[in-house]
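User: Could you take a close look at one part of this structure for me? I'd like to get to know its salt bridges.

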Amino acid sequence: MGDKITLNVEKREATGKQAAKLRREGLVPAVVYGSKFDPTNVQLAQQEARTLVARAGRHTPVELTIGSKKTMALIKSVDYVPARSDITHLSFQAVRADEVVTTDVPLILAGAEESPAAKAGLIILPTIEDIEIRAKTADLPEKLELDASGLTEHGDKLTLADVVLPRGVEMTEDDLDIVVASVYEPAALEAKNAAADAAADEARAEGDTAAENVPSEQGDVATDAK
């Protein structure tokens, strides 16, 4: 874990339709809950909410101060205005430092640009951005790094088995053969993408055809009337 993230939030009285007024005033309604924590409605400034989500994500504990009370919490859900970056609601799960939690953490490819594959003009394509892990709150890493510096040629792959986990952290996925990054020649990757696009277009066309062949209610009525 990196530097501790702290945040002061205010208790919130406005609920339901009254929360819309808070949003117009630049505030974000939120709730803090937990197995041994009484649900508490709180609020914070829009810019504070954006900064917090960008920094903590859903994997880094935040020390919340609510009045005179401090509690550790994880961001569990974030609601946005469609097509905008404004946050409309946050949910926090209160946790203890020794509590085992399950959450997603980012998976970062380290050393990819210095690999023989990259220097040869090949493309290293990650297929997984996050990994679900289980650990005590105090042991949650901000990210997991996967060493890609040894990738050499087309067809080379990295799997979940190549991910080195910190002490006290375990993956929830049992299949360690899942590929998390692959090396492609540019032409091969272009062909792969073209094939995927063609398959998607064919599936859409089949769906449109099936929809056209479904009798309408009016057609059914007309047939019955004959």
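Analyst: Let's start with the term itself: a salt bridge here is a side-chain nitrogen of Lys or Arg within 4 Å of a carboxyl oxygen of Asp or Glu. Keep in mind that this is a predicted model. Searching the whole structure turns up eight salt bridges.

A good one to begin with joins the side chains of lysine 4 and glutamate 63, with 3.3 Å from N to O. This pair ties together distant parts of the chain: lysine 4 lies in the segment before strand S1 (5–11), while glutamate 63 belongs to strand S4 (residues 62–66), and they are 59 residues apart.

So are these two partners buried or exposed? Lysine 4 has a relative accessible area of 56%, so it is exposed. Glutamate 63 has 15% relative accessibility, and because buried means under 20%, glutamate 63 counts as buried.

Glutamate 63 has another partner too: it forms a salt bridge with lysine 70, and there the closest N and O atoms are 3.9 Å apart. Lysine 70 counts as exposed, at 56% relative accessibility. Put the pieces together and you get one network, with Lys4, Glu63 and Lys70 joined by salt bridges that share partners.

For another example, look at aspartate 98 and arginine 96, whose side chains meet in a salt bridge at 3.3 Å, N to O. Arginine 96 has a relative accessible area of 40%, so it is partly exposed.

Conventions: Residues numbered from 1 in each chain as written. Predicted model: local features only at pLDDT ≥ 70, side-chain atom pairs only at ≥ 80, totals over all residues. Heavy atoms only, no water. Helix = DSSP H or I, 4+ residues; strand = E, 2+ residues; numbered from the N terminus. Buried < 20%, exposed > 50% of the residue type's maximum accessible area, 1.4 Å probe, protein only.
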